[in-house]
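User: I'd like to learn how to read pockets, cavities and a helix in a model like this one. Can you walk me through it?

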Amino acid sequence: MALSFSISATIFPPNQEESKFQNRKTAKGIENARNLVKTSRVLSLATSPHESLQKGNWVKLICGASFEDVVDIRNLSMVYTLAGVDCIDCAADAAVVSAVNEGIDAAMEVVELRRPWVMISVNDDDDLHFRKAEFDPEDCPMDCSRPCELVCPANAIKLDDHSGVITERCYGCGRCFPVCPYDKIREVTYIRDSATTSELLRRSDVDAIEIHTSGRQTAPFKELWNGLRNSTECLKLVAISLPYTGESAMSVMNEMHSIMEPHLKCLNLWQLDGRPMSGDIGRGATRESIAFAVRLAAAKDRPLGFLQLAGGTNAHTADGLRKEGLFQTTLGNSNDVRSVLASPSSAFIGGVAYGGYARKIVGRVLSSMPSQQGPSSIEDHPELLVEALGLALGLVGTVKCYHPVHHSSFR
């Protein structure tokens, strides 16, 4: 027994000391993240999602209607919850919804925040957000320069191990289609099943739904709404995402509202989808979403509901709205949601949704996490958590007007 004790004492303490060091390091990193949230004034400025819409400083994270990498989604949700977003929009998939909520729960263990709403996205017809790229890597010539791999913003194409498209990571941006020199890449589109969506809407951890529509005809929208309306009673928000379609836009939006209105028991929102999945391209990508808002500002027959920008949104969007006089600015009460929202403090634009750009800036940090067996949580890498949070705060802060604090102060 003495020999056994001697061996145990000799072998195990180094590992225990290493574990203690790692625990201290992780605890320090969590404390740094907590301090970064506090000193950036997230806690003092954060309001309920409903109040944020009224004030014009609502921020939504778009994980992607087709993006289904649950590890990244969980970590993105944690980081952006700490940064104070009001809503996290994700694919209408049970595993993805669970990943979002796991990320939110992890954030709330770091610091007590108000909980963002969880939104699922569906479509009523073919839509750019609901597609995947597909090809057989065995068909690729050996001497191909692999432009598809280089251009993919989601790192969803891997040819070294002949994986081809990593389906759960592909979110359908379409940038790989035109660059393939051999025209090998196919587009696979799909429509989310309304019955499965109805089941998700009955979950206690789903707060909102977004319906993507072309904005050109209302028949597919009406069919989908009729299939979902009995499942929307407990929701906090119903959003409609659509592009600008010209002079008919206002009449179509009003017709959609008339379809929803008899069964609408919550807030409604219009997502003005300017240039889908382009926010990470550059400053100019945000112009079309802002132009959509400018057109609505000039229209007299706007439908009821909050307005939120998307499609090409990035770090320059809030400044673009300021230049147009639409950022956190009240233009009367005609855009309020029913009489309960009639208030002189209601902003014309409720807020901004960030998708590709938000994922890109934090994704760079996530991709630098050491590879390991099994899922990797960003809080297990405290320096990276603080770095990612600093980037997220910088983006969310353009709308929330947080006090800027450089994340390097908390390393």
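**Reading pockets, cavities and a helix**

User: Let's start with the pocket lining. How many residues of each class does the lining of the largest pocket have?

Analyst: Keep in mind that this is a predicted model. By class, there are 13 nonpolar, eight polar and eight charged residues in the lining of the largest pocket. That pocket has a volume of about 700 Å³. Its lining counts 29 residues, and Asp72, Asn155, Arg169, Gly363 and Ser367 lie nearest the centre.

User: Which element supplies the largest share of that lining?

Analyst: That's α12, with six residues. Both α4 (70-82) and α12 (356-366) supply at least two residues each.

User: Now the enclosed spaces. How many cavities of 30 Å³ or more does the structure hold?

Analyst: A cavity is a space where the probe fits but cannot get out, whereas a pocket is open. Here there are four cavities of 30 Å³ or more. The largest holds about 220 Å³ of space, and among its 24 lining residues, Ile62, His129, Met277, Gly355 and Gly356 lie nearest the centre. Two or more lining residues come from each of β1 (58-64), β8 (208-212), β10 and α12.

User: What about the second largest cavity: which residues lie nearest its centre?

Analyst: Cys152, Cys170, Cys173, Gly174 and Cys176, out of 17 lining residues. About 120 Å³ of space lies in this second largest cavity. Its lining has 13 nonpolar, two polar and two charged residues, while the lining of the largest cavity divides into seven nonpolar, 13 polar and four charged.

User: On to helices. Which residues of α9 are buried?

Analyst: The general idea first: an α-helix has 3.6 residues a turn, so residues three or four places apart point the same way. In α9, the buried residues are Ala249, Met250, Val252, Met253, Met256, His257, Ile259 and Met260. Their cover includes α8 (219-228), β9 (237-242), β10 (267-273) and α10 (287-298). As for length, α9 (residues 249-260) has 12 residues and spans 17 Å from first C-alpha to last, close to the expected 16 Å.

User: And the whole protein: what share of its residues is buried?

Analyst: Buried residues are 54% of the 411. The secondary structure comes to 13 helices and 12 strands. For contacts between residues at least 6 apart in sequence, 81% join residues at least 24 apart. The protein exposes about 18,200 Å², with carbon and sulfur atoms supplying 51% of that area.

Terms used. Residues numbered from 1 in each chain as written. Predicted model: local features only at pLDDT ≥ 70, side-chain atom pairs only at ≥ 80, totals over all residues. Heavy atoms only, no water. 1 Å grid on protein atoms, 1.4 Å probe; cavity = no way out; pocket = protein on both sides within 12 Å on 5 of 7 lines; lining within 4 Å. Points joined across faces, edges and corners; volume = space filled by probe spheres on them. Helix = DSSP H or I, 4+ residues; strand = E, 2+ residues; numbered from the N terminus. Nonpolar A, V, L, I, M, F, W, Y, C, P; charged D, E, K, R; others polar. Buried < 20%, exposed > 50% of the residue type's maximum accessible area, 1.4 Å probe, protein only. Contact = heavy atoms within 4.5 Å. Areas by Shrake-Rupley, 256 points an atom, 1.4 Å probe, with all protein chains shown as cover. Expected span 1.5 Å × (residues − 1).
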